[in-house]
Amino acid sequence: KRAGGAGASPRRASRERVVLSRPDDITFHANAMAQLREWIDSDRPPESNSYVLPPANSFLRRALYECIEQEYQSLVLEHSSDGANPGSIVVFQLSDAERADREAAKLREAADRAEREVGFYRIFAALSEECRSRRLPLVLHNGIVDLLFLLSHFHAPTLPERWDDAKALVHNYFPAVYDTKFLAENGVLPVAPGGDRAFASTALGDLHAACEPAAGYPLETAPGFGRYDGGAGEHHHEAAYDAYMTGCVYHALCGRILAERLGADRRADYR
C-alpha cells in the first residue's frame, strides 16, 4: 500500500477517542473506511491524489479523523472548503515534495487572505484618521447599521449594549457624523406652512432629485466616472454613485439649514 511510512502530518493532541454505539453510525464509519481503503489500493494516475469521504456530522468526522490518523499516518486530512462537499473530509496521499508544495500554497493563501483583510482595515483606519485629524465629517444616508457593522469587524465583534456607549464608540473613530436622512427628516423646516415634513420622501434617490437641481453649485466627478455626469437614475445603488448623491444632498441640506437659521433670504424650495 502506498499509505504509511515517513512524512506523516502532525497528529492531533492526545485525548479520549470517540466510541461509536449507534448501529447507523457504526455502519457509516465502516463503509467510509472501506471506501477509503479501496481508493488507496486502486490503480490511478499520480495526479489523482485526493479523495472526498462521504459528508458527516462533526461527531462522525472526528471518529473518521481518529481512525484514519491511526491507520494511515502519512495521509493528509483536511475539512472540505468546497461548497459542493459540505461536512466532508478530503484525504490527500502526497509525496514529500507534494506535501511541501501544498503546505507552501496554504501558507501563501493564508497570507493573501490576511493581507486582504488587513488591507481593508487600512481603508477604515485612514478614514478615521482623516476625520479626526482634519475635523472632517463622515456623511452617511440612513447608515447607522452600516457604521456599526464596520465597527463590529474593525473594533470588536461585540458592541456596547447601551446606545450612549455605542455613540461614544462611533465618535471615538468619527467625531462628526451626519446622516442625510436624519437631516432631511429633522433638520429642516417644512416647506408649506403648517406642514410636518419638508420632503415627501427621504429615500436617497428622491432627496437627490429634490435637492440637486436647486443646489446652485457645480460638481465635477473624478476621472473615470464621467458616466455619472448628469445624474442618470439608472446608477442608483452603485456604491460610488450613491456616495455622490449623498454628497449632493448633504451640501444642499447644509445650505438650506444655514439659510433657515440665519434668516437669510436665500431659502430654496426643495419640494
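A contact means heavy atoms within 4.5 Å. The model is predicted, so local features need pLDDT of at least 70 and side-chain atom pairs count only at pLDDT 80 or more, while totals for chains, interfaces and linings use all residues. Residues are numbered from 1 along each chain as its sequence is written, and side-chain values use heavy atoms, with hydrogens and water left out.

**Exercise 1.** Determine where H141 lies and what H141 touches.

*Solution.* Begin with the secondary structure, in which helices (H or I, at least four residues) and strands (E, at least two) are DSSP runs numbered from the N terminus: H141 sits in the loop between β4 (138-140) and α4 (144-154). Next, with residues up to four places away in sequence not counted, H141 touches D179, T180, K181, T202, A203, L204, L207 and T246. Finally, the H141 side chain reaches the backbone oxygen of T202 at 3.2 Å.

**Exercise 2.** Work out which parts the salt bridges of E78 tie together.

*Solution.* A salt bridge requires a side-chain nitrogen of Lys or Arg within 4 Å of a carboxyl oxygen of Asp or Glu. For E78 and R102 the closest N and O atoms are 2.8 Å apart; because E78 lies in strand β2 (residues 76-79) and R102 in helix α3 (residues 96-133), this pair ties together parts that are 24 residues apart in sequence. For K106 and E78 the corresponding distance is 3.2 Å, and since K106 also belongs to helix α3, this pair links parts 28 residues apart in sequence.

Conventions. Polar contact = N/O pair within 3.5 Å; in protein donor to acceptor, adjacent residues only side chain to side chain.
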